[in-house]
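Please open the structure in your viewer and keep the sequence panel visible beside it. The tour below proceeds by selections, each followed by a description of what is found there.

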Amino acid sequence: MNQRGSAAVEFALVLPLVLIMLLGLVEVAVLARTQLEVVNAAREGARHAAADPEPAHAVAAVRNALGPAGGAARVSVRRPHVVGEPAEVIVRFPHRVAAPFLGGFTVELRARATMRVEL
């Protein structure tokens, strides 16, 4: 077997592994970006919960921060009516990992944010 033939065979054997690793890297990057979006949405909800006594406004702020997929988020708001106490927002967001070689599965991303009640 000559060198050109063996290089082509080696390339054909290695290419699928490289593509799988590249696809996995992209999925990890998408998952990390989505986690950052969920953390940001929890902070936005906590900001609203600290300034507004109505928990529904904090939930709406979280869903708005998550954009069109915000309806899938489960949001819990705990806000005492005492100034200076911490208001807490917890966001649980299902993220679908779409890599075909992994079979596609859902990961629940979570974020928690607290801020002191202002009013």
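The stops that follow treat the sheet, the helices and the salt bridges of a predicted model.

**Stop 1: the sheet**

Begin by selecting residues 74-78, 86-97 and 105-116, which are strands β1, β2 and β3. These three strands form an open sheet in the order β1-β2-β3, with antiparallel pairing. Strands β1 and β3 are the edge strands, and each of them pairs on one side only. On average, neighbouring strands in this sheet are turned by 10° against each other, direction ignored.

Now look at the pairing of β1 with β2. The two strands run antiparallel and are joined by five bridges. Select Arg 74 and then Arg 92 in β2, which is its bridge partner. Select Val 75 as well; Val 91 in β2 stands opposite.

Move to the other side of β2. Here β2 and β3 pair in the antiparallel sense over 12 bridges. Phe 93 and Leu 109 may be selected together, since Leu 109 in β3 stands opposite Phe 93.

**Stop 2: the helix across the sheet**

Select residues 55-66, which make up helix α2. Helix α2 lies across β1 and β2, and runs at about 145° to β1.

**Stop 3: helix α1 and its nonpolar patch**

Select residues 3-51 to display helix α1. Within this helix, choose Leu 19. Is Leu 19 buried or partly exposed? Leu 19 counts as partly exposed because its relative accessibility is 47%. Add Phe 11, Leu 15, Leu 22, Leu 25 and Val 26 to the selection: together with Leu 19, these residues make a nonpolar surface patch of about 590 Å².

**Stop 4: Glu 44**

Remain in helix α1 and select Glu 44. Its relative accessibility is 25%, so Glu 44 counts as partly exposed. Which residues does Glu 44 touch, not counting residues up to four places away in sequence? The residues are Ala 61 and Ala 65. Select Thr 114 next: the C-alpha atoms of Glu 44 and Thr 114 are separated by 10 Å, although the two residues are 70 residues apart along the chain.

**Stop 5: the salt bridges**

Side chains of opposite charge can pair when their charged atoms come close. A search of the whole structure finds six salt bridges, and this stop visits some of them.

Keep Glu 44 selected and add Arg 47. These residues form a salt bridge in which the closest N and O atoms are 2.6 Å apart. Because they lie three residues apart in helix α1, about one helical turn separates Glu 44 from Arg 47. Arg 47 is partly exposed, at 41% relative accessibility.

Next, select Arg 112 and Glu 88, whose side chains meet in a salt bridge of 2.5 Å, N to O. Arg 112 lies in strand β3 and Glu 88 in strand β2, so the pair ties together parts that are 24 residues apart in sequence. Arg 112 is exposed, with a relative accessible area of 58%, whereas Glu 88 is buried, with a relative accessible area of 14%.

Finally, select Arg 110 and Glu 108. They form a salt bridge with the closest N and O atoms 2.9 Å apart. Arg 110 counts as exposed at 53% relative accessibility, while Glu 108 is partly exposed, with a relative accessible area of 33%. Return to Arg 74 and add this residue to the selection: Arg 74, Glu 108 and Arg 110 are linked in a network of salt bridges.

Notes:
Residues are numbered from 1 along each chain as its sequence is written. This is a predicted model: local features need pLDDT of at least 70, side-chain atom pairs count only at pLDDT 80 or more; totals for chains, interfaces and linings use all residues. Side-chain values use heavy atoms; hydrogens and water are left out. Two strands pair if DSSP finds at least two bridges between them. Helices (H or I, at least four residues) and strands (E, at least two) are DSSP runs, numbered from the N terminus. Axes are lines fitted to C-alpha atoms, for helices over the stretch in contact, and angles run from 0 to 180 degrees between N-to-C directions. Contact means heavy atoms within 4.5 Å. Patches are made of residues with over 30% relative accessible area and no salt bridge: like charges are joined within 9 Å, nonpolar side chains (Val, Leu, Ile, Met, Phe, Trp, Tyr) within 5 Å. Accessible areas come from the Shrake-Rupley method with a 1.4 Å probe; for residues, only the protein chains shown count as cover. A salt bridge is a side-chain nitrogen of Lys or Arg within 4 Å of a carboxyl oxygen of Asp or Glu. Buried means under 20% relative accessible area, exposed over 50%, partly exposed in between (1.4 Å probe, protein chains only).
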